[in-house]
Amino acid sequence: MNHSITYLLTGAVDHEDFAGNAGTIEAGDLQFMTAGRGIMHAEMPRQNPDGSANVGLQLWVDLPADLKKCEPRYRDLRAKEIPQVDINDKVHIKVISGQSGGVDSVKDLAYTPVWILDVEIRPGGKLAQPVPVGWNAFSYQLEGSAIFGSGDTRRTVQQYHNCVFEAEGDVVNVEVPDNATENARFVLIAGQILDQKVVQYGPFVLNTPEEVRQALFDYQFQTNGFERAKGWASEIGKSMVH
């Protein structure tokens, strides 16, 4: 199985599982959940009194084949625990995981190294952010627009769009024009390339079709890690309006 990284931007999300883990993440918080050998869990957005939306990002990260059967675990990272750095008066970065501006925030949050940077750039700001060579890396534009790349590779990325970078590169160049009418905010995410086959069926993500079939069997008959699934039902889902 894989693990998921949830980054909540506004609102709140409740979660619980058949192992007795339960909690809530709120705006600015992250949850790193490793499914490992398998876990039944529920995630439900809170119903806000004013009817406002809950907004967040969730990234699924593949586990190395030799860790697929590890024990499930959670790691929560609260907003107040995230180091922040001002590169200059126009660039502000939340270093969720990784390295930026002299801040090293590589924590034991996931079994495989993943960098997550929340970057805000004011008009006229520029950033040259180093990234590990040979990793997959991409950005997702949360607010405003920004220009990525250098020379002939410069591309403008608008709100709610991705920018995927070449694995051979070692730096991400980004800028916001002086005449921009709003700040740009994006997440920059990078991770190791595992170079392994990925086979996905529903929530099960493994390396071969045979492993997926075995996971389905284990889930159906509550074996090999799913013993606690028998009779378990989510409580938080009962609060949702149907």
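## Residue V157 and its surroundings

In this predicted model, residue V157 belongs to strand β16, which covers residues 155-157. The relative accessible area of V157 is 6%, and because buried means under 20%, V157 counts as buried.

What does V157 touch, once its neighbours within four places in sequence are left aside? The contacts of V157 are then with Q141, G144, S145, A146, F148, N162 and C163. One of these residues, G144, is separated from V157 by 13 residues in sequence, and the C-alpha atoms of V157 and G144 lie 8.8 Å apart in space.

## Strand β19 and its two partners

Strand β19 runs through residues 184-191, and eight of its eight residues are buried, so that the strand as a whole is described as mostly covered. In a regular strand the side chains alternate between the two faces of the sheet. In β19, A184, F186, L188 and A190 point one way, while R185, V187, I189 and G191 point the other way, and the residues of both sets are buried.

Which strands pair with β19? One of them is β12, made up of residues 114-121, which runs antiparallel to β19 and is joined to it by eight bridges; within β19, the residue that stands opposite E120 is R185. Another is β14, residues 136-143, which pairs with β19 in the antiparallel sense over seven bridges, and here S139 has L188 of β19 as its bridge partner.

## The protein as a whole

Taken over its full length, the protein contains one helix and 21 strands. Its radius of gyration is 20 Å, which is close to the 18 Å that the globule rule gives for 242 residues, and the protein is therefore as compact as a globular protein of that length. Along the principal axes, the C-alpha trace spans about 60 × 45 × 30 Å.

Of the 242 residues, 43% count as buried. Among contacts with a separation of 6 or more, 68% are accounted for by residues that are 24 or more positions apart.

## Surface and charge

The accessible surface of the protein comes to about 12900 Å², and 50% of this surface belongs to carbon and sulfur atoms. As for charge, the protein carries 21 positive and 32 negative side chains, and the centres of these two sets are placed 3 Å apart.

Key. Residues are numbered from 1 along each chain as its sequence is written. This is a predicted model: local features need pLDDT of at least 70, side-chain atom pairs count only at pLDDT 80 or more; totals for chains, interfaces and linings use all residues. Side-chain values use heavy atoms; hydrogens and water are left out. Buried means under 20% relative accessible area, exposed over 50%, partly exposed in between (1.4 Å probe, protein chains only). Helices (H or I, at least four residues) and strands (E, at least two) are DSSP runs, numbered from the N terminus. Two strands pair if DSSP finds at least two bridges between them. Contact means heavy atoms within 4.5 Å. The radius of gyration is taken over C-alpha atoms; the globule rule is 2.2 Å times the number of residues to the power 0.38. Accessible areas come from the Shrake-Rupley method with a 1.4 Å probe; for residues, only the protein chains shown count as cover. Lys and Arg count as positive and Asp and Glu as negative; His and the chain ends are not counted. The place of a charge is taken as NZ of Lys, CZ of Arg, CG of Asp or CD of Glu.
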